[in-house]
Amino acid sequence: MNWILKQRTAILLLLAGIVLVQIFHLLVLVGFIPYHLVGGGRIRSRQDMYLLETIALGVNFLLIFLLMIKARFIREFLSPRHVNWLLQIFGYFFLMNAMGNLFSSSSWEQFVFAPLTLIFAGLIYRILRSN
C-alpha cells in the first residue's frame, strides 16, 4: 500500500511530540505548570506529583529510546521483534490513556491530551506497518 505518511516521518513526528510532552512534564515537576492539570485532576500532594511525573518521564524516555532504535539513530540493543512488540504495547497504552483522558476531571486532559494521545497511537500504528 502506498502510505501518505512515510514510516520515518511518523517516527520523527512522534519523537518531536514526545519531546514536547517531556518538556511539559519537566515544567510540571519544577512547579511552573500546576500539577492539577495532570493525573486526571486527582493528584492531591506534591509527593504524588513527584512520583507520577518521574514515572511519566521514565516511560517517555523508554519510548524515545525505542523510536531511536526503530529509526536506526542508535545501535540495536533489542531485536526488531522486541522493539515492535514494545511499541505495540505503547500504542495500546496511548489508546487506553486517550479514553481515560476523555473521562478526566481536567478539561485540559479532555481537550488537549485525549486528541494528542490518539494522534500518538495513530503514529505508532503507522510506524509498525511495513513499507
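In the predicted model, the charges of the chain comprise 11 positive and 4 negative ones, and the mean positions of these two groups lie 14 Å apart. The surface over which the chain is exposed amounts to about 8300 Å², of which carbon and sulfur atoms supply 69%. Of the 131 residues, 37% count as buried.

The secondary structure consists of four helices and zero strands, so that the chain, read along the sequence, follows the pattern α-α-α-α. The radius of gyration is 15 Å, close to the 14 Å that the globule rule gives for 131 residues, and the chain is therefore as compact as a globular protein of that length. Along the principal axes, the C-alpha atoms fill a box of roughly 45 × 30 × 20 Å. Among the contacts in the chain with a separation of 6 or more, 65% are accounted for by residues 24 or more positions apart.

The largest nonpolar core contains 21 residues, and those with the most contacts inside this core are Leu14, Leu67, Leu87 and Phe94. Two or more residues are given to the core by each of α1 (7–29), α2 (46–70), α3 (80–102) and α4 (107–128), with α1 giving the most, namely six residues. For leucine 67, when neighbours within four places in sequence are left aside, the residues in contact are Ile11, Leu14, Leu15, Leu87 and Ile127. Apart from this core lies another one, of eight residues, which includes Phe24, Val28, Ile33 and Ile43.

Two residues of helix α2 were examined individually. Leucine 57, which is found in this helix, has a relative accessible area of 11% and is therefore buried, the cut-off being under 20%. Beyond residues up to four places away in sequence, leucine 57 touches Gln22, His25, Leu26 and Leu29. The C-alpha atoms of leucine 57 and histidine 25 are separated by 6.9 Å, although the two residues stand 32 residues apart along the chain. Asparagine 60, likewise located in helix α2, is buried at a relative accessible area of 9%. With neighbours within four places in sequence left aside, the contacts of asparagine 60 are with Ile18, Val21, Gln22 and His25. Gln22 and His25 thus appear in the contact lists of both leucine 57 and asparagine 60.

A charged residue, glutamate 109, is placed in helix α4, and its relative accessibility of 8% falls under the 20% limit, so that this residue counts as buried. Not counting residues up to four places away in sequence, glutamate 109 touches Leu37, Val38, Gly39 and Gly40, together with Asn101, Ser104 and Ala114.

Serine 79, by contrast, is situated in the loop between α2 and α3. With a relative accessible area of 28%, a value that lies between the limits of 20% and 50%, serine 79 is classed as partly exposed. The C-alpha atoms of serine 79 and leucine 29, which are 50 residues apart along the chain, are separated by 34 Å.

Definitions and conventions. Residues numbered from 1 in each chain as written. Predicted model: local features only at pLDDT ≥ 70, side-chain atom pairs only at ≥ 80, totals over all residues. Heavy atoms only, no water. Core = buried A, V, L, I, M, F, W, Y, C linked by side-chain atoms within 4.5 Å. Buried < 20%, exposed > 50% of the residue type's maximum accessible area, 1.4 Å probe, protein only. Contact = heavy atoms within 4.5 Å. Rg over C-alpha atoms; globule rule 2.2 N^0.38 Å. Areas by Shrake-Rupley, 256 points an atom, 1.4 Å probe, with all protein chains shown as cover. Lys, Arg positive; Asp, Glu negative; His and termini not counted. Charge placed at Lys NZ, Arg CZ, Asp CG, Glu CD.
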